[in-house]
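Please open the model in your viewer, with cartoon and side chains ready to switch on and off. The tour below proceeds by selections, and each stop says what to look for there.

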Amino acid sequence: GIPYAGLQVADVDNDGRRDWVGLFGTGWDGRLDLWVLLNSASGIEAQWVAATENEPGSVPSAVAAFTPDPSVGPLTVYQWTGGAAVLQAVPLVTGSRILDRLETSHLIGPGMQQQSFAITPNAGPDGASTLTVRQNPANNWIPPWVTVGWDARAQTLVEIDRAGAAERVRLKEVERLLFEAHDPEAASAVIGALIADWWELPRMLRYGGHGPETFRPYLRYLQGLAAEETGDEAAAVAAYWTLWNDYPLHPLAYVAAQRLELRAP
C-alpha cells in the first residue's frame with residue numbers, strides 16, 4: 001500500500017540477481033525516498049538509501065551501470081526527474097549495504113530537474129570513466145551539467161567539472177593571443193566563436209563566484225581591445241558601447257566609457 005514511482009530493475013549488489021531501485025512514499029509528509037529492494041537468496045531485503053525532494057506521482061526514470069575505475073567494480077546510476085544517485089554495494093559480513101556515492105544534495109541543487117546522464121571513458125591509460133549529469137537549471141547561476149569522477153584515495157565520486165570549463169579555457173587563449181602573442185586577428189576569431197554561443201557562456205570568470213556577472217562583460221572588453229589592435233574602429237566602438245550599455249555597473253564599463261571619447265564630426 002506504499003505509493004511508489006520510477007521503479008527500475010538493476011543488479012545493484014552485483015550478485016547476478018535482479019534488484020529494484022525506486023522512489024517510495026515513506027518520507028515525511030508522504031515525500032518520496034530512494035530505496036533499493038535487494039533480491040537475496042533468503043528473500044527480498046528493503047534498504048533505505050536517501051531522502052529526496054517531493055515528486056509527482058509518476059516519475060520517469062532511467063538506470064545504467066557505471067564503472068569509474070577498474071578496481072571499483074560496477075556501480076548503478078539511477079536517475080529520476082528531480083535527482084540522481086550512484087549506488088555502490090558495500091560488502092558486509094552477510095549481505096551488502098547500499099550507499100549513494102553521488103552525494104546529490106551537494107552536486108545538484110534543490111528544484112533541479114535532471115535531463116539525462118552520460119557515461120564516457122577517460123582517455124587516460126587507467127581506463128577510468130567519468131559520469132556527466134545534465135540538468136535543467138533553475139536560474140543562470142546553476143550550471144546545466146556536472147561531471148564527476150572517482151577519487152581512489154577518498155573512495156568516492158568527486159566533482160571534476162561544471163559547465164563553462166571549455167569557455168574559460170578559450171577565454172584564456174584570447175588573453176594569450178592578445179597580450180603575449182600580439183595576434184589580435186586570431187584573438188578576434190576566438191572571441192567571435194565565443195560570442196556565437198552567447199547564452200551558453202558561464203556567468204563568472206572563476207568557478208564558485210558570486211555577485212554581478214563577470215565573464216560576458218570581460219569578453220566584450222577584450223573584443224574592443226582586439227578590434228582596436230586590428231584598426232577596426234567601428235567594431236571597437238560597438239564592443240565598448242555594448243559593454244557600457246549592457247553592464248553599466250561593471251568596473252570595465254567605466255574603462256569602456258573612457259575609450260568612447262567624443263570626437264568632432
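How many of the six residues of strand 6 (residues 75–80) are buried? Keep in mind as you select this stretch that the model is a predicted one. Six of the six residues of strand 6 are buried, so the strand is largely enclosed by the rest of the structure. If you now show the side chains, you will find that both faces are covered, with Leu75, Val77 and Gln79 buried on one side and Thr76, Tyr78 and Trp80 buried on the other.

Next, add the strands that pair with strand 6. Strand 5 (residues 61–66) runs antiparallel to strand 6 and is joined to it by six bridges; to see this pairing at the level of residues, select serine 61, which stands opposite tryptophan 80 of strand 6. Strand 7 (residues 83–91) is also antiparallel to strand 6, here with five bridges, and the connection between strand 6 and strand 7 is a hairpin that passes through two residues. Within this pairing, glutamine 79 stands opposite alanine 84 in strand 7.

Now move to the open sheet that four strands form in the order 1-2-3-4, with antiparallel pairing. At its edges stand strand 1 (4–10) and strand 4 (43–51), each of which has a single partner strand, so one side of each is left without a neighbour in the sheet. Looking across this sheet, you can follow how neighbouring strands are turned by 20 degrees against each other on average, direction ignored. For a closer view, select strand 3 (residues 33–40) together with strand 4, which pair in the antiparallel sense over eight bridges, and pick out serine 40, whose bridge partner in strand 4 is glycine 43.

The tour then turns to the helices. Select the largest nonpolar core, which has 24 residues, and among them highlight Val174, Leu178, Leu219, Tyr221 and Leu222, the members that touch the most others. The elements giving two or more residues to this core are helix 2 (165–179), helix 3 (184–196), helix 4 (215–230), helix 5 (233–246) and helix 6 (251–259), and the largest share, eight residues, comes from helix 4. Centre next on valine 174, which, leaving aside its neighbours within four places in sequence, is in contact with Ala187, Val190, Ile191, Leu194 and Leu222. Apart from this core lies another one of 18 residues, including Val21, Val59, Ala85 and Ile98.

Return to helix 4 and display it whole. Helix 4 has 16 residues and reaches 23 Å from its first C-alpha to its last, close to the 22 Å expected at 1.5 Å a residue. The helix is mostly covered, with 12 of its 16 residues buried, among them Phe215, Pro217, Gly224 and Ala227; the buried residues pack against helix 2, helix 3, helix 5 and helix 6. After helix 4 comes glycine 231, whose phi is positive, near 85 degrees.

As a last stop, select glutamate 213, which you will find in the loop between helix 3 and helix 4. Is this residue buried or exposed? Glutamate 213 has 14% relative accessibility, so it counts as buried. The side chain of glutamate 213 makes a polar contact of 2.4 Å with the side chain of arginine 216, and, not counting residues up to four places away in sequence, glutamate 213 touches Arg203, Met204, Tyr247 and His250.

Methods:
Residues are numbered from 1 along each chain as its sequence is written. This is a predicted model: local features need pLDDT of at least 70, side-chain atom pairs count only at pLDDT 80 or more; totals for chains, interfaces and linings use all residues. Side-chain values use heavy atoms; hydrogens and water are left out. A nonpolar core is a set of buried Ala, Val, Leu, Ile, Met, Phe, Trp, Tyr and Cys residues joined through side-chain atoms within 4.5 Å. Buried means under 20% relative accessible area, exposed over 50%, partly exposed in between (1.4 Å probe, protein chains only). Contact means heavy atoms within 4.5 Å. Two strands pair if DSSP finds at least two bridges between them. Axes are lines fitted to C-alpha atoms, for helices over the stretch in contact, and angles run from 0 to 180 degrees between N-to-C directions. A polar contact is a pair of N or O atoms within 3.5 Å; within protein, one must be able to donate a hydrogen and the other to accept it, and residues adjacent in sequence count only if both atoms are side-chain atoms. The expected span of a helix is 1.5 Å times one less than its number of residues.
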